[in-house]
Amino acid sequence: MILGPISNLAVVVTGSVIFALGPAPVYTMPTGLIVANTRPGRAGSASAVAETGVELGSRRPALVV
């Protein structure tokens, strides 16, 4: 079966949504724990460091290829 351009787009969008929503709880829960256990004045810095770690960790396979 040959997929048309609209079908291909639907497959890509659906796959991207599933891929983006699947690991979301894994990334948000540690960031919440990190921010909850820091002093209020340093919560922004802690969140930034946690988010940078998530971004670098989730992009590693793309950087290697």
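Modeller: Before we start, one idea: accessible area here comes from the Shrake-Rupley method with a 1.4 Å probe. In this predicted model, the protein's accessible surface comes to about 5,400 Å², and 72% of that belongs to carbon and sulfur atoms.

Biologist: Okay. Which elements does the protein have, and how do they run from the N terminus on?

Modeller: Going from the N terminus, you read α-α-α. That's three helices and zero strands.

Biologist: How many of the 65 residues count as buried?

Modeller: Buried means under 20% relative accessible area. Here 8% of the 65 residues make that cut.

Biologist: Let's try one. Is threonine 31 buried or exposed?

Modeller: Threonine 31 has 15% relative accessibility, and since the cut-off is under 20%, it counts as buried. You'll find threonine 31 in helix α2, which covers residues 24–36.

Biologist: And what is threonine 31 in contact with, leaving aside its neighbours within four places in sequence?

Modeller: Ser47 and Ala50.

Biologist: Now valine 13. Where is its place, and how do I read its exposure?

Modeller: Between 20% and 50% we say partly exposed. Valine 13 has a relative accessible area of 43%, so it is partly exposed. Its place is in helix α1, residues 5–21.

Biologist: Which residues form a nonpolar patch on the surface?

Modeller: To join a patch, a residue needs over 30% relative accessible area. Val13 is in this one, along with Leu9, Val17 and Leu21. Together they have about 380 Å² of accessible area.

Note on methods:
Residues numbered from 1 in each chain as written. Predicted model: local features only at pLDDT ≥ 70, side-chain atom pairs only at ≥ 80, totals over all residues. Heavy atoms only, no water. Helix = DSSP H or I, 4+ residues; strand = E, 2+ residues; numbered from the N terminus. Buried < 20%, exposed > 50% of the residue type's maximum accessible area, 1.4 Å probe, protein only. Patch = residues over 30% accessible without salt bridge, like charges linked within 9 Å, V, L, I, M, F, W, Y side chains within 5 Å. Salt bridge = Lys/Arg side-chain N within 4 Å of Asp/Glu carboxyl O. Contact = heavy atoms within 4.5 Å.
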